[in-house]
Every structure is written in C-alpha cells, then in structure tokens.
Amino acid sequence: DVSPVVAGLIGATVLVVSVSVTVFVWTCCHQQAEKKHKTPPYKFIHMLKGISIYPETLSNKKKINRIRRDKNGTPKETGRGNLLVDAAESGLIGSDKAPDGPSAAPHVDQLPIKVDYGDELSPDQSLTPGGSKTSSPSSPGDDVMLGELTFSVDYNFPKKALVVTIQEAHGLPVMDEHTQSSDPYIKMTILPDKRHRVKTRVLRKTLDPVFDETFTFYGIPYSQLQDLVLHFLVLSFDRFSRDDVIGEVMVPLAGVDPSTGKVQLTREILKRNIQKCISRGELQVSLSYQPVAQRMTVVVLKARHLPKMDITGLSDPYVKVNVYYGRKRIAKKKTHVKKCTLNPVFNESFIYDIPVDLLPDISIEFLVIDFDRTTKNEVVGRLILGAHSITAGGVEHWREVCENPRKPVAKWHSLSEY
C-alpha cells in the first residue's frame with residue numbers, strides 16, 4: 001500500500017511533467033508557424049531576365065555566382081597565384097595585372113615576418129571576399145568615350161515600391177589589354193542615404209553587355225522620390241587586380257515621373273568624380289617602429305563622423321587591419337565591434353616583427369566595416385599607409401614614422417570610398 005503523501009507527490013510530479021511537455025510542444029509548433037508566415041527582412045527583390053529571385057534564396061544565389069565565377073573565369077594558378085588573388089580581394093593591388101612567370105618575386109614565400117596580437121574578440125560574421133574588393137582609382141582618360149547606359153524606372157503604388165531595371169550598356173571602353181575587351185558589371189545605390197546597395201552579375205568579354213536585371217525596392221513613399229538620386233557605377237571585373245572603374249551615371253529622380261508608367265532612360269557614362277563622394281568619416285591611428293627590436297606597433301585609436309549604415313541611424317563598426325609586403329598580404333586581424341555608435345573608440349594595438357630593410361615595401365591597410373548579424377558586413381571606408389598610400393597625409397605619416405624611430409606618431413586620416 002502507498003501512503004497518501006507519496007501518492008500525492010507522484011501525482012503532482014506526473015502533472016508537472018505533462019504540463020511542461022505540453023507547453024514545450026506548443027511553443028515549438030508556434031515558432032515553426034511564425035517562421036512560415038514571417039516576412040523576410042529584405043528590402044528588395046531581384047529579377048534576372050524575368051525570373052524572380054525571392055529573398056529567401058538570395059544567400060544561395062551568392063554561392064551559385066561564386067561557383068560560376070570560378071568556372072567561367074580565368075583558371076586559378078597554384079602557389080603564388082592564390083596569394084595574388086587573396087591580395088587582390090583585399091583591394092591593395094593596383095590596376096596593372098599580376099606578374100606571371102617564376103621570376104615574379106620568388107623570395108616572397110620565405111618572408112621572415114612574424115605577427116603578435118593581443119587577445120581580442122573577433123566578430124561573428126567576417127567580411128565576404130566580394131565585400132572587401134575595392135575599385136581602382138584609375139579611370140579612362142577624358143578623351144575616351146565611356147559609352148551609354150540604358151535603364152528604366154517604374155513605381156508600384158499598391159506596394160510603395162520603386163522598380164529599377166538595368167537593361168544594357170553600349171560602347172564601353174577596353175579595360176583588359178590582353179583580351180581587348182571588358183568584364184563589366186554595375187553597382188547601383190540610392191542616394192543620399194545609401195541604404196539600398198545592389199549590383200548586377202558580371203558579363204564576360206563584352207563591350208555591349210545586356211544585363212536585363214530588375215531590382216524592386218520596397219518602403220519608398222512616392223512623395224520622397226523627388227529627393228532621391230540613382231547612382232550607377234560601371235566597373236570591369238578583374239580576378240588578379242582591383243576592379244577597374246569605367247565611369248558613373250547620376251540620375252536625380254526629381255526629373256523623372258514614373259506615375260504614368262515605366263520611364264526608359266539612356267544616359268552617357270561619365271568619368272567618376274571623386275569630389276562628389278560623400279564623406280566616409282575619419283580614422284585615427286598611431287604607428288611606432290622599434291629599429292633595435294625590428295618591431296612595428298600599430299594602434300587603432302578611434303574614428304569619428306562615420307556615415308549612418310543602419311536603419312536606426314547608427315552603425316556597429318570595427319576595423320580590419322591588413323599588412324602587405326609588396327603585393328602579398330602577410331597578416332590580418334580585426335578589432336572589437338563597437339555597437340550603435342558613429343564615433344567609436346577602439347584603443348587596440350597590434351605588433352608586427354618587420355626587418356628594417358623591408359620597411360620600404362610594407363603597406364598597412366585599415367578597413368572600417370559595419371558589422372551586421374543578419375546580412376553581410378559592409379565596408380564603410382578605407383585607409384592605406386606605407387608603400388601603397390595614395391594620399392599626401394598617408395605618405396607624410398609613414399615618412400614621420402620611419403624618420404622618428406621609437407616615437408609613436410598618431411594622426412587623423414579621412415577614409416576613402418572603397
């Protein structure tokens with residue numbers, strides 16, 4: 001016989017377990033139902049030649065594009081070729097093609113450089129290779145015709161959506177001297193917020209590409225169209241170098257009225273005007289070289305006036321530091337992510353063992369990146385100090401570091417657009 005107390009305890013235990021299992025099963029079923037009916041957190045739908053690419057498959061599409069690029073593009077070289085690809089993806093190699101043959105810097109593989117880092121937390125999501133590529137500052141000359149771009153603009157009133165179709169381009173200049181052709185693609189941004197950034201696929205070996213790609217941007221009231229500007233950046237893809245900038249097209253929507261239907265436009269591609277680029281903010285870094293220990297100390301101090309990258313009007317920035325010897329990246333590291341700020345303070349240092357005789361060929365690249373947990377990270381701005389510095393301030397900073405050993409030299413630098 002079981003006593004009443006024990007029977008009560010057993011009954012209460014069975015009741016609690018039954019209720020807990022029921023609640024758990026109900027919660028799982030409810031979450032699954034919410035996922036099925038939840039609206040994807042994407043702001044646009046991409047149509048490629050009439051085929052809808054829904055937001056749920058955008059991540060898969062990126063993987064497919066990467067496979068196709070490797071399949072149809074120039075075959076990768078083994079050994080040093082892979083290193084050049086790695087350096088090119090980080091945007092440091094110039095517009096000239098990578099050297100070929102066994103005579104191209106054979107001593108690079110035995111580079112006697114070591115890296116020592118302090119403990120730091122890396123972001124959960126690293127920048128994709130496509131995100132770190134930068135455009136070449138070189139452009140065709142003023143006497144070269146850059147061609148024309150044809151596109152259309154429409155507005156969907158029921159869905160409050162702006163529909164932009166990039167149709168084709170004609171008469172593009174030759175950017176690859178070996179093939180006497182180009183591998184064009186187009187990046188499009190809606191100014192001034194730059195919250196909508198999309199790009200077309202790369203079309204191989206053509207000067208008259210037909211893209212026929214449609215981008216639909218939701219949540220744009222018709223009353224705000226007059227304040228927006230469409231910015232098309234025409235580039236030529238290069239596997240072993242930075243992508244060449246062909247030109248740009250700026251289209252203020254104040255002169256376009258899509259209320260009566262689709263408006264088709266053709267605009268001449270103009271040479272890119274760097275002065276029109278919106279400020280990317282400033283970054284303060286400190287460099288110090290110890291000639292006896294042959295050690296370079298790099299300190300990422302802080303940034304200010306960064307552009308707004310999130311819907312909240314803030315950003316989650318961190319800094320990726322790449323160190324190059326000539327064209328080869330020899331080290332990379334990231335700072336902590338600073339949440340919800342446009343003026344982050346990092347104060348993180350990195351130490352590199354670099355022989356004195358290699359200093360003239362060393363470059364340090366700083367990429368300020370906005371961290372995003374749901375989508376890919378986005379490069380905010382870029383700074384290069386050392387052999388590949390393209391600004392007067394960067395050249396002067398590096399000269400002071402080399403001429404004043406053991407002295408930390410800290411300076412502010414404006415970030416350039418990537």
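## Working through strands, rings and confidence

In β19, Val379 is the bridge partner of Ile369. That pair is a handy way into this predicted model, so let's start there.

**Exercise 1. Work out which strands pair around β19, in what sense, and what packs on their sheet.**

Step one: β18 covers residues 362–370, and β18 and β19 pair in the antiparallel sense over eight bridges. Step two: zoom out, and you find an open sheet of four strands in the order β16-β15-β18-β19, with antiparallel pairing. β16 (328–334) and β19 (378–386) are the edge strands, each pairing on one side only. From one strand to the next, the twist averages 20 degrees. Step three: look for the helix. α5 (residues 392–403) packs on the sheet and touches β18 and β19, with its direction at about 50 degrees to that of β19.

**Exercise 2. Which face of β17 is covered, and how is β17 joined to β14?**

Begin with the general pattern: in a regular strand the side chains alternate between the two faces of the sheet. Now sort the residues of β17 (345–353): Phe346, Glu348, Phe350 and Tyr352 make up the covered face, while Val345, Asn347, Ser349, Ile351 and Asp353 make up the uncovered one. Next, check the pairing: β14 (residues 295–304) and β17 run antiparallel, joined by seven bridges. For one concrete pair, take Met296, whose bridge partner in β17 is Tyr352. Tyr352, remember, is on the covered face.

**Exercise 3. Classify the ring pair Tyr155 and Phe157, then say how buried or exposed each residue is.**

Two numbers do the job: a pair of aromatic rings is described by the distance of the centres and the angle of the planes. The count for the model comes to four aromatic pairs. For Tyr155 and Phe157 the centres are 4.8 Å apart and the planes are at 75 degrees, so this pair is edge-to-face; the cut-off for that label is over 60 degrees. On to accessibility: Tyr155 has 6% relative accessibility and counts as buried, whereas Phe157, at 40%, counts as partly exposed. Finally, follow the ring pairs outward, and they link Tyr155, Phe157 and Tyr222 into a cluster. There's a ring with a charge over it too: Arg304 lies over the face of Trp412, 3.8 Å from the ring centre.

**Exercise 4. Where do Ser286 and Ser315 sit, and is each buried or exposed?**

Take Ser286 to begin with. Its place is in strand β13 (residues 282–290), and at 9% relative accessibility Ser286 counts as buried. Beyond four places in sequence, its contacts include Thr297, Val298 and Val299, along with Pro408 and Val409.

Now Ser315, which lies in the loop between β14 and β15 (317–325). Its relative accessible area is 1%, so Ser315 is buried. Among its contacts outside the four-place window are Pro307, Lys338, Cys340, Thr341 and Asp370. For Thr341, the C-alpha to C-alpha distance from Ser315 is 5.5 Å, although 26 residues separate them in sequence.

**Exercise 5. Which stretches have pLDDT below or under 50, and how many contacts does each have in the model?**

Start with the whole chain: the mean pLDDT is 74, and 70% of the residues reach 70 or more. Over residues 39–44, pLDDT is below 50, and this stretch has 17 contacts beyond near neighbours in sequence. Over residues 49–143, pLDDT stays under 50, and the model has 202 contacts beyond four places in sequence there. How to treat those counts? Where pLDDT is low, the predicted coordinates should not be read in detail.

Conventions: Residues numbered from 1 in each chain as written. Predicted model: local features only at pLDDT ≥ 70, side-chain atom pairs only at ≥ 80, totals over all residues. Heavy atoms only, no water. Phe/Tyr/Trp six-rings, centres within 6.5 Å; stacked < 30°, edge-to-face > 60°. Buried < 20%, exposed > 50% of the residue type's maximum accessible area, 1.4 Å probe, protein only. Lys NZ or Arg CZ within 6 Å of the ring centre and 35° of its normal. Helix = DSSP H or I, 4+ residues; strand = E, 2+ residues; numbered from the N terminus. Contact = heavy atoms within 4.5 Å. Pairing = 2+ DSSP bridges. pLDDT = per-residue confidence, 0-100. Axes fitted to C-alpha atoms, helices over the stretch in contact; angles between N-to-C directions.
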